[in-house]
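Let's take a walk through this structure together. Have the sequence and the 3D view open side by side as you read.

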Amino acid sequence: MRFDPAMEIQDDLVFGEYGDVNPSITDSSTYTFLSARTMEELFDHPIEGCYLYSRHINPTDAYLARALARMEGAEAAQVMSSGMAAISTTLLQLCSAGDHIVAEHSIYGGTYALLKNVLPRFGIDVTFVDMADLDAVRAAVRPNTKVIFCEGLSNPLLTVADLPSLGHLAETIGAQLVVDNTFSPMILSPLRLGAHVVIHSLTKFINGTSDCVAGCVVGDRSFISAMNDVNSGTSMLLGPTLDPLRAASILKNLHTLHLRLKKHGENALMLARRLHELGVRVHYPGLPQHPQHELLNAMRNPDFGYGGIVTVDVGTKVMAERLMMLMQDRRVGYLAVSLGYFKTLFSAPGHSTSSEIPEDERAVLGVSDGLVRISVGLDHEMSRSVRIIEECLLDLGLLNVRYLPVAA
Ligand code: PLP
């Protein structure tokens with residue numbers, strides 16, 4: 001039977017302490033024991049239903065972790081206080097001084113900066129490559145490569161990672177394929193396609209309400225347990241704990257993720273199609289013109305569209321700024337970073353979320369000064385929003401091709 005992440009969430013029923021349909025929030029940092037011996041044992045190994053201290057695990061965090069593990073078809077998960085916490089603790093768990101990581105070059109700027117500026121300080125080498133070029137990935141591999149790191153759909157260029165091929169390569173060299181699936185929750189199930197560890201920034205689509213920052217790591221039980229080892233686990237010892245109040249609210253939002261993704265995807269596809277018709281330089285993996293459209297079709301779970309992010313290249317920084325300001329003035333959405341919110345958000349990655357990547361490298365990658373990333377919201381009447389965006393482009397002189405009537 002085909003794996004369906006939305007069915008996994010549907011089947012994740014929790015009966016709370018008092019029969020509550022939303023599990024009770026455990027508002028405690030520490031837990032009592034009836035026997036001193038049990039406390040000692042718990043330091044040695046987990047005991048079902050027994051909690052020690054909320055930096056280790058809190059029952060509310062555990063409910064969210066369990067649901068996320070189900071969504072990814074995994075044995076276990078650990079929720080964290082941010083997506084960056086999830087990425088940094090995972091990489092520090094998997095790599096030691098003297099190890100090497102092959103990473104996608106065009107990734108979220110924070111991740112790039114971690115790989116470029118922080119991990120080398122601890123003796124971990126990183127080679128950045130174009131993940132769409134499998135020969136380049138193979139050529140970058142070294143005997144000490146421990147991790148191949150990519151984003152399922154990359155930020156901001158929306159490159160699709162060939163997860164089965166990368167997973168196979170990782171297996172062959174004894175490395176781990178770590179996939180940041182923030183842009184494509186439910187759309188891609190990386191662990192079923194060959195990845196070993198999946199990361200999400202829960203801040204984005206999974207939470208969907210732009211009211212908190214959170215993350216998670218999903219993988220097999222032995223890896224998540226190793227991250228929680230009291231002597232050597234990076235999650236345990238670096239302490240990126242998620243507040244249980246937030247875990248409870250994210251868990252509620254997770255149950256509407258499948259519906260939101262469908263709508264984000266429909267709206268984004270409508271916008272991308274129209275911009276393509278108008279001759280605007282638009283990237284969207286749902287367009288047949290996208291270089292990895294067929295690859296994504298071969299890998300994706302079919303019910304959740306192609307994601308909510310569309311990027312357009314309007315040529316220059318000035319034009320990008322004018323377009324974003326005009327779209328905000330005309331109430332298309334907000335000029336703001338981040339993504340996956342129910343309202344439309346737009347920002348210019350070259351001068352915000354990818355600014356950590358030096359200008360010359362951005363130019364090679366195609367993260368141009370005129371690139372605008374649009375996180376398409378859940379607009380009820382998307383055709384009106386598309387029309388307004390079209391008028392903004394027209395008024396700024398950015399539609400220099402023949403003006404097509406709006407499709408019926
Ligand atoms: N991964 C991707 C693809 C992102 O876009 C971001 C943030 O924008 C992160 C990770 C970091 O997530 P957080 O801000 O929750 O730490």
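We'll go from the overall fold to a covered helix, then to two loop residues, and finish at the ligand.

First, a word of caution: what you're looking at is a predicted model. The chain has 16 helices and twelve strands. Its C-alpha atoms fit in a box of roughly 80 × 55 × 40 Å, taken along the principal axes. Does the overall spread agree with what a compact globule of 408 residues would have? Such a globule would have a radius of gyration near 22 Å, and the chain has 22 Å, so the two agree.

How much of the chain is tucked away? Of the 408 residues, 56% count as buried. The accessible surface comes to about 17,700 Å², and carbon and sulfur atoms account for 53% of that. The contacts also say something about how the chain is put together: take those between residues at least 6 apart in sequence, and 70% of them join residues at least 24 apart.

For a covered piece of the fold, pick out helix H5, residues 109-118. This helix is mostly covered, with seven of its ten residues buried. Which ones are they? Starting from the N-terminal end of the numbering, they are Gly109, Gly110, Thr111, Tyr112, Ala113, Leu114 and Leu115. The cover over these buried residues of H5 includes helical and strand elements: H4, strand S2 (100-104), strand S3 (125-129), strand S4 (145-151) and helix H15 (359-365).

Now for the loops. Ser24 sits in the one between helix H1 (5-10) and helix H2 (36-44). Its side chain makes a polar contact of 2.7 Å with the side chain of Asp20. Leaving out residues up to four places away in sequence, Ser24 touches Glu17, Tyr18 and Thr60.

Another loop, between helix H3 (59-71) and strand S1 (76-80), holds Glu75. Buried or exposed? Neither, quite: Glu75 counts as partly exposed because its relative accessibility is 47%, and the exposed class is for values over 50%. Setting aside residues up to four places away in sequence, Glu75 touches Ala69, Gly219, Asp220 and Arg221. With Arg221 there is a polar contact too, as the Glu75 side chain reaches the backbone nitrogen of Arg221 at 2.7 Å. For a sense of scale, try Glu75 against Val364: they are 289 residues apart in sequence, and their C-alpha atoms are 39 Å apart in space.

That brings us to the ligand. There are 15 residues around it, and Met84, Asp180, Ser201, Thr203 and Lys204 come nearest. By class, this shell has six nonpolar, six polar and three charged residues. Which element gives the most to the shell? Helix H4 (residues 83-94) does, with three residues.

Zoom in on the polar atoms next. One oxygen atom of the ligand is 2.9 Å from a polar backbone atom of Gly83. An oxygen atom of the ligand also lies 2.8 Å from a polar backbone atom of Met84. On the nitrogen side, a ligand nitrogen atom is 2.6 Å from an N or O atom in the side chain of Asp180. As for cover, the ligand on its own has 390 Å² of accessible area, and the protein covers 91% of it.

Technical notes
Residues are numbered from 1 along each chain as its sequence is written. Side-chain values use heavy atoms; hydrogens and water are left out. A residue is near a molecule or strand if one of its heavy atoms lies within 4 Å of it. A polar contact is a pair of N or O atoms within 3.5 Å; within protein, one must be able to donate a hydrogen and the other to accept it, and residues adjacent in sequence count only if both atoms are side-chain atoms. Accessible areas come from the Shrake-Rupley method with a 1.4 Å probe; for residues, only the protein chains shown count as cover. Helices (H or I, at least four residues) and strands (E, at least two) are DSSP runs, numbered from the N terminus. Ala, Val, Leu, Ile, Met, Phe, Trp, Tyr, Cys and Pro count as nonpolar, Asp, Glu, Lys and Arg as charged, and the others, Gly among them, as polar. The radius of gyration is taken over C-alpha atoms; the globule rule is 2.2 Å times the number of residues to the power 0.38. Buried means under 20% relative accessible area, exposed over 50%, partly exposed in between (1.4 Å probe, protein chains only). Contact means heavy atoms within 4.5 Å.
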